[in-house]
Amino acid sequence: MQQNDRSAEHPHGGAVFISARNLSKSFDTHEVLRDVSLDIRAGEILVLLGPNGAGKSTMLNILGGTLRPSSGGMAVDGEPVEFDQYISKGSRARSIQRVFQELSTFPNLTVAENLDLTAERSGARSRREIVRRAAERMQVFPGNRIDVCAEVARLSVAERQMVEIARAMTEPNTRLVILDEPTSALSAHEADQLAELVARKAAEGVAIIYVTHKLEEALRLAHRVVVLRDGKLHFDGDGRNLTHDALLSLLGATVEAPSAILPLSIADASSDLLSVQWLSTGCLRDVSIRVGAGELVGIAGLEGAGQRELLQAIFAARERDTGAVRSVSDIAYISGDRKREGLLPLWNVEDNVAISAVPRFARAGVVDFSGLKARAHEWLSELGLSQRADSPIVSLSGGNQQRALLGRALASEAPLLLLDDPTRGVDVKAKASIYAILDKLKEKGRGGILYSTEVAEFHKCDRVYVMARGRVAAEFDRMDVTEERIVQASFLRPTDETPPSGEIAPPAGGGAREASLARLLSWRSLPAAVLMVSMFALAFWQQPNAFSSFGLELLLQASLPLAFAVLAQMLFLLGGDIDLGLGFAIGLANVLAATYLVDAPVLGILALAGLVAGYVLLAFVVELLGVSSVVATLGASFIWLGIGLTIRETPGGKSPEWLSAAVQVKLWPLPLPCVALAAVALLGFWICRGWGYSIRLRALGNNRRTYVSLGFSALAGRVTLYALAGVFAVLSGLVLVAATGAGNVHVASSFTLATIAAVVVGGASFAGGLVSPVGAVMAVVAISLVTTNLTFLGISSEYSTAIGGLILVLALSFRSLARSIEP
Amino acid sequence: MLRNMVKRRSFLAATLLLATALAGGPALAKEKFVIGVATPFQGNGWQKGFLAAAQWAAAELSAKGKNVELIVVDAAGDPQTQIQQLNNLTLQGVDFIILEPLSDTALNGAIDNAVSAGIPVLTTALGSVTNPKAISLQLDYNELGEKYIGYIAQRTGGKGNALNIRGLAGNAAEQAIQDAYIRSLAKYPDIKIVSEVYGDWNQSVAQQRVASILPTLPNVDIVLSQGVAAFGAAQAFLAAGREVPLQVYGFDGADVNLLLELNAKSGYESVAINSDPGVGSLAVNVAVAKLSGIDVPMKMVAPIPQITLFQLKTDHKGMADSDTLWVKYDYDWTLKNLIGAK
Amino acid sequence: MTQPATSSDGTSISRTWTLASIGRGLLRRSWIGALVAAISLWLLAGMVTGTLSISFLLANATIAGFLALAGTAQMSVIASGPGNFDLSLPYVVTFGAYVMSAGLLGQGNISGSVALTLLVGVAAGAVNAALIVRLRIPAIVATLSTGYILYSFIVAIQSGGFDRVGGLFEVALRVRFFGLSGVLAAAALTLAAAGFLLSRTVFGVQLHALGQNAEAARLAGVRRGWLLLGTFVLSGVLAAWLGILLAVYQGGVSADLGRSYLLGSVAAVVIGGTRTIGGVTSVIGTAIGALVLTLAQSDLILLQFSIGAQYIIQGSIVLATVCLTAIWSPDRR
């Protein structure tokens, strides 16, 4: 079948860009790619096809420079590639763009910022420029309704995919674009636009690798088709004369009329372990399946067709009768994503297995460890792991880890097992033993649902449901299950498909008002703003003479040092950290400034710089050692306090005249504190939004891993954040010196917790990368005005802290409420 | 004199009613004074005493025809809140502000605001501020030191090993009290300080820190402390199964009851010397004097009372642990002895 | 099954206890460094004063017992997942002490007061858990707001007055037996009970699983909501119990009674060698960590270090321990 016509003429292909020779790759002992050779030519659309697990992703990872092959070589523009160098170079330097199946945009950034993040740096760009360019780049989807100023988190999956595609397609100096299932969420219209775009790009001389499961797309686009099967190059040839049937047979499916979708028999449901009827949630549509005792049921289909969602929905519904899902009380879940969903990494093998049986081996809540241990050993020897019982689970090979996790499911004695791709990345031998265990389970009358990315595994199943785009597309009995049939059904296109969300008709009249209301509701600083405005109103109503220049000055004066401090705390939260030493750091800055700035200005400046350096040191500790920022700053707080007390045991010193004069400046009509607070808020805003580095800092705070994978330095980012926080701590200390005319290490000790509260009320999220400096400053003002109004109203100040706590809770509940009513 | 002035808080209501009934005549011109009182934190007995004294003085003055209204705000231990509250009182246009400053420095700006709005500010009780525009009514730490060390020296014959429990590190009042002790101790070179701990003006911290080093101090004859630590120190000694050494007690009910209990058990003798919450009544009197146009000096010192065991036994048996003793100073006494005594 | 309480040490209860294996096991304990430090600090104190005093050690252990209770409360919360801390702890301690001393159920009703105080701890923990689970508020902010609200309760309750807790309860806690005080015994018993709860019960085992990998634990059948409720209630009850012990031991309360226990509790956990990544607990480690902190404080007083130097050294101990623990652990970021 293999058809090597690399030497043949390629009417579309220009010069060879990348040529790969005899690439092989194995993980552990499992060979996923075997001896594949391939040329990528400029201007050619290469469609890469293959069933799940055929080695497509591995191939793309090697070409894209994120993986090194076990053997084989590559040449770019005829120059042989040194893989170490190639991998470290970063994708932009390689002129390769890749659109991932798993989205790699940062949800906390706007579309424009996401597009700018990876763009070629040519000096700082203005915000308007960034937005203009983004709008321009998004025009690859003409007529799209994506607001480039909207956060990606607010976009639909389809829109996010469009952003990713636009990013890859419009990056300058790109020579190869790799599109991995780019249309999985797109509507037909957008897919058409993409097809045009791909053709246009190819005509410009860019090489395209297009991975898809949609055969009609392959037929429409391909200049050349490459089929991988079982890690081997199965076909490599001209794609323009192929037919749908020819492709199917290349993929290993027999060509026959599609079998009818069998209606579900619900009659004998009483003996079932599980029955799901017309389940529709998330991406699932009208799914109905059943599992009887002693049955192993397969859920087949292409990746992302809804299999995992179905398993999760079934697991979430255990011990509850949700209507759509009726099941036995106990269900065990075995995930192939061992690291994220399986392993308890601090424990040994035995403990990892026994955890699910703990409730059964307990009397009155006390665990019978010896009984548990005895049973655990039985399970382990059944699995052939008794030698490794005491080994840390992380020291095991993938296959053995998976067997241990299967052991955990056995230990739970749940009658129904959900097997979520349990053989992912394990070798043949381990696979065989996993199958053997499954057979034993069936004999004991336990049932299971198996989802696998490898079609061959479904031979074990009594019945196989094939899912396509969230629906059950076909059901086969044990007798009828063949690989070919499953593959064919996977590519079925359900007839009554509703268009994905990208194409929803624009809302009728009044939509604009609703949209702006929704936007207001989704504004994270809304609680802080509402609170501040209402507190101002109440204060002016209670005490009309507060509505004057002098009155405002008195109202706002106390908030100024706290506002600087809040920015310092906000920078920590921006990076996903917390500073529990902030209060004493400000106190120390206050002491240093009051002690040295007048008599020895140089020493004073050096000392303050030293404090900032201390923060940089903390950044190293947190970033390089992975120490929790809470603990690191807590330790530092003792040190700040100690140094402060050593330098100045009792309050004193003096404020430099220029500094005192600066805070005494009288402005009209808005007094200095008013102007300064606004300036602080704007400065914070600039750091978070306007600055050249700010987009990256927010990206880092949101997802450190993706940030690093883009080739940016997380250390540099964290050092920047901490150093800036240190600078703001120093500024806060200086304002305190000016306001109080002396140094006192205890002066700001209440700031630590107050700043956390204010930043959070102001709209920050602990997920990192989501802060609102303007909101934080408003929260500072609002919270201090609460105290003011209590005084004005004659309410005992005992309640002010309680009210502060309640505001915190309310602001946060408001946000989780707003989040839950959003679509 | 002291015996008459020292009253239990529970007597207040009765005396107050009596005073209202008897002294009804408009001895002074009828006007209304609104006085803001900014307290640092509520809840310790001393602060409760201070507030009670201030309210007693206000009621006394009102009875004499000066209509005095107190607006009390509490900063819950946070200097920023106190700044805010000071500014609020200024905005509200009170006539006078009595301030127990939470920080020696942080409030300077807020005091400037009030003074430039024509509102005099008097700092008292907890400490002073470095702002010279504030009227300062401070406890006489020198007198405190002399009485305190004097009593101890008299009892020990001027010699012995002393454990020194200090207050909150980095506080100016703490340092002032400490300095006064050291000055007075200079007269008694045979009193040796063998160890020094910081009790943070926190009973619990004082007790724990003393308890943890106590086994290393086999001979302690004297304990020096500032206010709240005396009780904690005694508890540490008792918990270690040791005799409570000679120390001077404070005005808290807990202190007083402990002293009486020790005396009943073993004849242990001592006195109570402390900074007096009754300074609250002095502050209100000074405020009214100032507002009545009397020339008030910028710096005044309040006396330090010493209460003997005999007085405690006769007048203050069975007071609650959470109560505090304080001395009543009336308006005339204040005019004569505090304001007149420049 | 290995006792999860010592899971970080990788030991198993079935191991035959030869002397050599005990030695090896000891060396692998995460708190061995802290133990060495504690002994050194004791020896140092002996050198400074000239006598190696057992009663000095016991006196410090009594103080450390309080801190260990706070540390154990904090540790359970830290173990429930990365980034979880209980900032309401000092307020629960103080409020508990006031409720104990206020005699709300009648002045002589000691057992009633104890029950009421513990109930307050349960309620504080339940509110924390509700905020975290129901409103999805991060633990650190949820406990901060609970703390703020409790502070106002403290101010409200203290104006009502309080008195000494007397009776047999006081006698029992103050009794001394060869330098061993009743209150130390009470703290030790509580720690033992907490250790039992964390290592021997379904709750403890599942808590350790949850803290290591929340998603894996969920798929293994662990109910996150209930476990967090249990964890924060445990923390609240331990804090309230600490409030009771302090109120009785000191014979009085003050509004800042719990203040030093916020930083102290985290420091004790960290110095005890327990990593703050979740899923790890060690009551023994935390107790030793608390002892190290207390002994270090006493030593610095004996050596007549200035108060500033005392703080600097304490901070350095915390930072150095946490850095060393991070460097030695295999799974660095």
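# A walk through the predicted model

Start where two chains meet: chain B and chain A bury about 2,700 Å² between them, and carbon and sulfur atoms give 55% of that area. Everything you see on this tour belongs to a predicted model.

**Stop 1: chain B against chain A**

Select B:Gln80, B:Gln84 and B:Leu91. These residues supply 26% of the area that chain B buries against chain A, more than any other three residues. Now widen the selection to the whole contact region, where 31 residues of chain B touch 30 residues of chain A.

What holds polar atoms together across this interface? Ten residue pairs are in polar contact, counting pairs with both residues at pLDDT 80 or more. Salt bridges between chain B and chain A, on the other hand, number zero.

Next, colour the pieces of chain B that face chain A. Strand S3 (66-74), helix H4 (79-92), helix H5 (108-116) and helix H7 (172-185) of chain B each bring at least two residues to that side. Linger on H4(B), since the largest share, eleven residues, comes from there.

**Stop 2: chain C against chain A**

Hide chain B and bring up chain C. Here 67 residues of chain C are in contact with 76 residues of chain A. The buried area is about 6,200 Å², and 71% of it comes from carbon and sulfur atoms.

How many salt bridges cross between chain C and chain A? The count is zero. Eight residue pairs do make polar contacts across this interface, again with both residues at pLDDT 80 or more.

To see what chain C brings to the meeting, select helix H6 (139-158), helix H8 (182-200), helix H9 (202-212), helix H10 (214-219), helix H12 (261-271) and helix H14 (307-328) of chain C; each gives at least two residues to the side that touches chain A. The largest share, 14 residues, comes from H14(C).

**Stop 3: a sheet in chain A**

Now show chain A alone as a cartoon. Six of its strands make an open sheet, and as you step across it the order is S6-S7-S8-S3-S9-S10, with mixed pairing. Which strands sit at the edges? They are strand S6 (96-99) and strand S10 (232-238) of chain A, each paired on one side only. Going from one strand to the next, the twist averages 15°.

Zoom in on strand S3 (residues 45-49) and strand S8 (residues 207-211) of chain A: the two are parallel and share four bridges. For a single example, pick A:Leu46, whose bridge partner in S8(A) is A:Ile209.

Then add the helices. Helix H7 (residues 188-203) of chain A packs on this sheet and touches S3, S7 and S8, with its direction at about 150° to that of S8(A). Helix H6 (residues 157-170) of chain A lies across S6, strand S7 (176-180) and S8, running at about 170° to S6(A).

**Stop 4: another sheet in chain A**

Move along chain A to an open sheet of six strands in the order S15-S18-S19-S13-S20-S21, where the pairing is mixed. Its edges are strand S15 (331-335) and strand S21 (471-477), each with pairing on one side only. The twist averages 20° from one strand to the next.

Inside this sheet, five bridges join strand S18 (residues 416-420) and strand S19 (residues 447-451) of chain A, which run parallel. Click on A:Asp420 and look for A:Tyr451, its bridge partner in S19(A). Helix H16 (residues 483-490) of chain A packs on the sheet as well, touching strand S13 (296-301), strand S20 (463-468) and S21, and its direction makes about 25° with that of S20(A).

**Stop 5: a link between distant parts**

Select A:Glu113 and A:Arg698 and show their side chains. They form a salt bridge, with the closest N and O atoms 2.6 Å apart. A:Glu113 belongs to helix H4 (residues 111-117) and A:Arg698 to helix H26 (residues 694-702) of chain A, so the pair links parts of the chain that are distant, 585 residues apart. Over all chains, the whole structure holds 34 salt bridges.

**Last stop: confidence**

Finally, colour by pLDDT. Chain A averages 83, and 90% of its residues score at least 70. Residues 1-9 of chain A fall below 50, although this stretch has 19 contacts in the model beyond near neighbours in sequence. Residues 497-509 of chain A also stay under 50, with eleven contacts beyond four places in sequence.

Chain C averages a pLDDT of 85, and 90% of its residues score at least 70. Over residues 1-19 of chain C the pLDDT stays under 50, and the model has 52 contacts beyond four places in sequence for them. Where pLDDT is low, don't read the predicted coordinates in detail.

Note on methods:
Residues are numbered from 1 along each chain as its sequence is written. Chains are lettered from A and ligands numbered from 1 in the order in which they are written. Side-chain values use heavy atoms; hydrogens and water are left out. pLDDT is the predictor's confidence in each residue, from 0 to 100. Contact means heavy atoms within 4.5 Å. Two strands pair if DSSP finds at least two bridges between them. Axes are lines fitted to C-alpha atoms, for helices over the stretch in contact, and angles run from 0 to 180 degrees between N-to-C directions. Buried area is the accessible area (1.4 Å probe) that two parts lose on being put together, summed over both. A salt bridge is a side-chain nitrogen of Lys or Arg within 4 Å of a carboxyl oxygen of Asp or Glu. A polar contact is a pair of N or O atoms within 3.5 Å; within protein, one must be able to donate a hydrogen and the other to accept it, and residues adjacent in sequence count only if both atoms are side-chain atoms.
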